[in-house]
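What follows is a walk through one protein chain, from its strands to its core and its charged pairs. Please keep the sequence and the model side by side while reading.

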Amino acid sequence: MYYFGIRTERFFYIENETGPWILNDNHIYTAEPVNLVGFDEYIFIQYDLARQLDSLLLKSTNDYISVRPGLFWRVGNEAHSY
C-alpha cells in the first residue's frame with residue numbers, strides 16, 4: 001500500500017492507490033479525527049487539494065517522488081515529509 005498527501009494550514013488530504021482516502025479539517029476539534037472525504041460541504045476543497053497534489057506529483061523529475069513543499073508520502077513503514 002502506498003499513499004501521498006498534502007498539508008495546508010487548515011487541511012490534511014491523503015490519497016492511496018484507490019483514490020481519496022482521508023480529508024481532515026484542522027479547524028474541527030474533536031476527540032477523534034473526522035474523515036471528510038465525500039462530504040458535500042467539502043467536495044470542492046477535496047477536488048482542489050487533489051489537483052494541488054497531482055500538480056506536485058507531476059513536478060517530480062525522477063523515478064522516485066522528489067520532495068516538494070507541502071508534500072509527504074509513505075512507502076512501507078518509512079514515512080517521509082517536507
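Helices and strands here are DSSP runs, a strand being at least two residues of type E and a helix at least four of type H or I, and they are numbered from the N terminus. In those terms, phenylalanine 4 belongs to strand 1. The model is a predicted one. Its chain holds five strands and one helix, and along the sequence these come in the order β-β-β-α-β-β.

The N-terminal part is a good place to start. Strand 1 covers residues 2-7 and strand 2 covers residues 11-16; the two pair in the antiparallel sense, over five bridges. Three residues lie between these strands, and together strand 1 and strand 2 make a hairpin. Within this pairing, arginine 7 is set opposite phenylalanine 12 of strand 2. Phenylalanine 4 can be located in another way: its C-alpha atom is 6.4 Å from that of asparagine 16, although twelve residues separate the two along the chain.

Strand 2 also pairs with strand 3, again in the antiparallel sense, and here over six bridges. A hairpin with two residues in the connection joins strand 2 to strand 3. Two of the bridge partners can be named: tyrosine 13 is matched with leucine 23 in strand 3, and phenylalanine 11 is matched with aspartate 25 in strand 3. Strand 2 thus has strand 1 as a partner and strand 3 as another. Five of the six residues in strand 2 are buried, which leaves the strand mostly covered.

How much of the whole chain is buried? Of its 82 residues, 30% count as buried. The accessible surface of the chain comes to about 5700 Å², and carbon and sulfur atoms account for 54% of that area. As for contacts, among those with a separation of 6 or more, 33% are between residues 24 or more positions apart.

The buried nonpolar residues come next. In soluble globular proteins, nonpolar side chains tend to be buried together. The largest nonpolar core in this chain has eleven residues, namely Phe4, Ile6, Phe11, Tyr13, Leu23, Leu36, Tyr42, Leu49, Ala50, Leu53 and Leu56. At least two residues of this core come from each of strand 1, strand 2 and helix 1. Helix 1 gives the most, with four residues. Why does phenylalanine 4 count as buried? Its relative accessible area is 18%, and the cut-off for buried is under 20%.

Some nonpolar side chains are found on the surface instead. Ile28, Val34 and Phe39 form a nonpolar patch there, with about 210 Å² of accessible area together. Phenylalanine 39 sits in the loop that runs from strand 3 (19-25) to helix 1 (43-58). This residue counts as partly exposed because its relative accessibility is 36%, a value between the limits of 20% and 50%.

The last topic is charge. Side chains of opposite charge can pair when their charged atoms come close. How many salt bridges does a search of the whole structure find? The search finds two. In one of them, aspartate 25 pairs with arginine 10, with 2.7 Å between the closest N and O atoms. This pair links distant parts of the chain: aspartate 25 is in strand 3, arginine 10 is in the loop between strand 1 and strand 2, and the two are 15 residues apart. Is aspartate 25 buried or exposed? Aspartate 25 counts as buried, because its relative accessibility is 4%. Arginine 10, by contrast, is partly exposed, with a relative accessible area of 34%.

The other salt bridge joins arginine 51 to aspartate 48, and the closest N and O atoms are 2.6 Å apart. Both of these residues lie in helix 1, three residues apart, or about one turn of the helix. Aspartate 48 has a relative accessible area of 30%, so this residue is partly exposed.

Note on methods
Residues are numbered from 1 along each chain as its sequence is written. This is a predicted model: local features need pLDDT of at least 70, side-chain atom pairs count only at pLDDT 80 or more; totals for chains, interfaces and linings use all residues. Side-chain values use heavy atoms; hydrogens and water are left out. Two strands pair if DSSP finds at least two bridges between them. Buried means under 20% relative accessible area, exposed over 50%, partly exposed in between (1.4 Å probe, protein chains only). Contact means heavy atoms within 4.5 Å. Accessible areas come from the Shrake-Rupley method with a 1.4 Å probe; for residues, only the protein chains shown count as cover. Patches are made of residues with over 30% relative accessible area and no salt bridge: like charges are joined within 9 Å, nonpolar side chains (Val, Leu, Ile, Met, Phe, Trp, Tyr) within 5 Å. A salt bridge is a side-chain nitrogen of Lys or Arg within 4 Å of a carboxyl oxygen of Asp or Glu. A nonpolar core is a set of buried Ala, Val, Leu, Ile, Met, Phe, Trp, Tyr and Cys residues joined through side-chain atoms within 4.5 Å.
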